[in-house]
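Please examine the structure shown here with attention to its aromatic side chains. The paragraphs after it explain where several of them lie and what surrounds them.

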Amino acid sequence: MLLPTFVLTSLLIASSNAFTTRSWDEAYTLANNAVNQMTLDEKIGIVRGTGQLNPNRRCVGDTVAIPRLGIPSICLQDGPAGLRLVKDVTGFPTGINAASTFSRRLIRARGVALGEEWRGKGAHVFLGPAVDIMRNPKGGRAWESFGPDPYLNGEGAYETIIGVQSTGVQACIKHLLGNTQEHWRYGYSANIDDRTIHEVYFYPFLRSIEADVASVMCAYNRFNGTSSCQNAALLGPNGLLQKAGFKGYVVSDWGATHDSANANANGGLDMEQPGDYIVVGGGQFGKLKGDVNSGKVSVERLNQMVSRILAPWYRFGQDSGFPATNFDAQKRDGSGPRNLKVNVRSAEHTALAKEIAMASSVLLKNNRVVNSAGTTIRGLPIVKGVAKSVAIIGQDARMPKLDCGEMNECNEGTMSVGWGSGSNNLDFLVPPIDALTSHIGSSATITTSLSNDLNAGQNAARGKDMAFVFVNARSGELAFYTVVEGNMGDRNDLALWWKGGSLIERVASVCNNTIVVVHSVGPVAMNGWADHPNVTAVIYAGAPGEQTGPAAVDVMYGAYNPSGRLPFSIADNEAAYGNEIVYNSLGFPEIDFKEKLLIDYRYMEANNIVPRFEFGFGLSYTTFAYSSLAVAASGDGYKITFSLRNSGDVDGTEKPQLYIGYPAAAGEPPKVLRGFEEVDLKVGESKPVSFTISRRDMSVWDTPSQSYIRPSGRFNFFVGASIRDIRLTGSVTV
C-alpha cells in the first residue's frame, strides 16, 4: 500500500521559522558596523579557526568569540547526513539516497530536519550539502552528494539548502571545484574546460547560490593548476562565485590552504579552518596579521572577509535567540562537562529518516510468482506466513561496529553510511536482522548466518522457503590516508565486499526464492548473480541511514510500495563509464577531464552502451500508463504536460522524468535530465503532470560570450520512467 505523505514536512517548516530573516543589505549593514568596532586581533579571530589542536574547541571548526560585541564562537559542524561526533542525534540517509527518492519534497524535509538538529545543538553552520559530481562510480565521497547528473545535484542542493536555512542555520555547499576522487586529493589538478565547468561541475553551485546559500567550501585539490582556496578564477572579484551573485563567505576545507596568508586572502578565501597546520596543509592565516601590517593584504580586504562571514550570521537571525553550543565534538562518547546531553532526536525525524530510506529503495528485479489465490509465493511483496522457513544471511544484516574511530572507518556489519567526515551517528541504527526477526516473529523458523562465510551461508539457506542475502560495498574519505580493507577512500573496484557476489550465488544454488538487498555507496557489478533464476528479487538500498532495517522490511513486505530510482547507471564494468580513478602517479597528477559533458548515462547514450540498470530506473509493485503529451510555450520557455494513470492493482508513486535532446549542432549529449516529479496515484487514478522548462534549461554555455545561449533548431522532449524507458515524446523548433 502507499503510505500517506507525512504531515511532518509542513509542520517542520512552520515550526522552524521562529527567527527573523534579514535582507542581505540589512545583514551587511550590521556586519560592517560590527567590523568598524573591532580590533585587528578580533578580526583575525573571525577569519581563522582556533585550531585542530585547541583543547577548548567544541566543534569541528570554530572562530574566536567577541563577547563585548555579542558575537559568539561560530560553530561549524559535520556532516551532510547528520551531526558527526555528537550524541543524541539522528543518522539520516545519505545524499545519494536523497537523490534516489527523486522527491523534492523529501529532500527539502530532510534539510529542515537536519537544520533543526544543528540548531538544537547550537551549531551555526551545517557543513553541507556536498555536490561533488560522481565522475567515476568508485569515487570515495560521491555518496555524500547526489550522483553524476548536474541537474539532479543542483536540485538536491537547492532543496537541501532551502530546508536547512529555513531553520536559521547556515548551509555550506562543498567542495569547489572538481573534487571527484580521494587518491591524490591534496594536490591533484582537476583540469576542466570552460563549458564543462559551467554545465557540469559548477552548475550545482549556481543552483546553491540561487537558494541563497550562506557559504561555500573550497576543495583540497588544485583547479586548472591553482590551489582551489587561493584560486581567483573561482573565488576572486571576477571569479565564478561572484559572477553568479554569491553573497556569503568562502571557507577552506580543513588544511586546504598553502603558500602564504596573502595568496589565500587575496585569492578570495574568507575563512581558514581549522586554523593551524595539520600535515596536509593549513595554518596560513597565522601569518595574516603580519601580512596586513605589511600591506600585503589590505585592511579593506580583511574587513570584507570579516563582513562576509558575519553577514549570514545576521541574515539568518543567529544574533538573537540562537542556542548556545551544547556539545563537545572532542568528546564523541558524550562525556565531559561541555557535553550537555541535549537530545535533538524526535519521532518526526525518525519517521522522516525511515520514509526517505524506503523512498530511496530501488527495486531492480522482481520475478514474482503467485498462487491461484493471487498470493505471492516467490518474489515481492512478501506475504507474511507463506514462507515457513527463512534464512537471513550476510554480515551486512547485523549491527555494525559502533566504535570505528572519529571517521567511522571500518566495514563490520550493515552499511548505512560511508566513512569520513560525512559519516553520522550509529547509536540508534536498527539493523536488518533485528527488524526482520521482529516482523517475522513466530510465523516462520529463522536460520541465520551473519558472516560472509560462503559455506555457512549456503548451509543456512539449504532447503529454506526463502532466503534474504544482505551484501555491501563501501567507500569514504582519504582523511589522513585512512585505509579500510585495502581501499584508500576510493573503491578499488566495483565488486561487492567480502565476496558478496559469491555468497549470493552459493545461496541461490540451494534456495529458489533468494532475495538480495544491496547496501552500497554507488554502482556495483552484478554480473554473475543478478540473472540467476533463483534470485527472485534485488533491492538496491544504498546508504540509507539508521532506519535501514525497518525500511527494508516495510518495502519487502509491501507496507511501502517502492518508488526509488537509480541516480546513476549500473554497468558490469568500469569501462562503461568512460573515465578512471588515478591511483598511481609520480607526484600530484594532472587529471584532464577529457570526457567533458559525457558522464555516466550521457557517456553510455553517446556510445551506445547498454547498462545492466540505467539511470532513473526503478520498479514498483504496480504499473503506470503515460498518455496525452502536449507542449506549449510558457514565457521564454515551454510547458510539457501529460496524463499519468495507475494501471495496476496497488496504490503507488511514480517518478516521471523529463529529458531534453538538443539540436545536433549544439554539441550536447543525446539526452540530458531536465525534470522529475513525484506523483501519488491510487489504483485506477489518473492525474495531469507538467514540467516547466526555462530558457536556461534549454541553453548551452557559450565560452566567447561567457553566457548561456539557447541554440536554434529542433528540441526533442522525452518523458518516461528512466533514461531508456521513454513513454512519450514531443518536440519544438526554436
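The following text treats the surface, then the aromatic pairs, and lastly the charged groups over rings.

The model is a predicted one. On its surface, Tyr277, Val279 and Phe480 make a nonpolar patch of about 380 Å². One member of this patch, Phe480, belongs to the loop between β15 (466-473) and α17 (500-508). Phe480 has a relative accessible area of 51% and is therefore classed as exposed, because the term applies to values over 50%.

Aromatic rings also pair with one another, and the structure holds 21 aromatic pairs. One of them joins Trp313 and Tyr314 in an edge-to-face arrangement, with 4.9 Å from centre to centre and 70° between the planes. Trp313 and Tyr314 are both buried. Another pair, formed by Tyr626 and Phe642, is stacked: the centres are 5.7 Å apart and the planes meet at 15°. This pair links distant parts of the chain, since Tyr626 lies in strand β19 (residues 624-634) and Phe642 in strand β20 (residues 637-646), 16 residues apart. Both Tyr626 and Phe642 are buried.

Aromatic residues may also be grouped in a cluster. Phe102, Tyr151, Tyr601, Phe615, Tyr659 and Phe676 form one such aromatic cluster. Which residue lies over the face of Phe676? That residue is Arg104, at 4.1 Å from the ring centre. Elsewhere, the ring of Phe593 has the charged end of Arg135 over it, 4.1 Å from the centre of the ring.

Definitions and conventions: Residues numbered from 1 in each chain as written. Predicted model: local features only at pLDDT ≥ 70, side-chain atom pairs only at ≥ 80, totals over all residues. Heavy atoms only, no water. Patch = residues over 30% accessible without salt bridge, like charges linked within 9 Å, V, L, I, M, F, W, Y side chains within 5 Å. Areas by Shrake-Rupley, 256 points an atom, 1.4 Å probe, with all protein chains shown as cover. Salt bridge = Lys/Arg side-chain N within 4 Å of Asp/Glu carboxyl O. Helix = DSSP H or I, 4+ residues; strand = E, 2+ residues; numbered from the N terminus. Buried < 20%, exposed > 50% of the residue type's maximum accessible area, 1.4 Å probe, protein only. Phe/Tyr/Trp six-rings, centres within 6.5 Å; stacked < 30°, edge-to-face > 60°. Lys NZ or Arg CZ within 6 Å of the ring centre and 35° of its normal.
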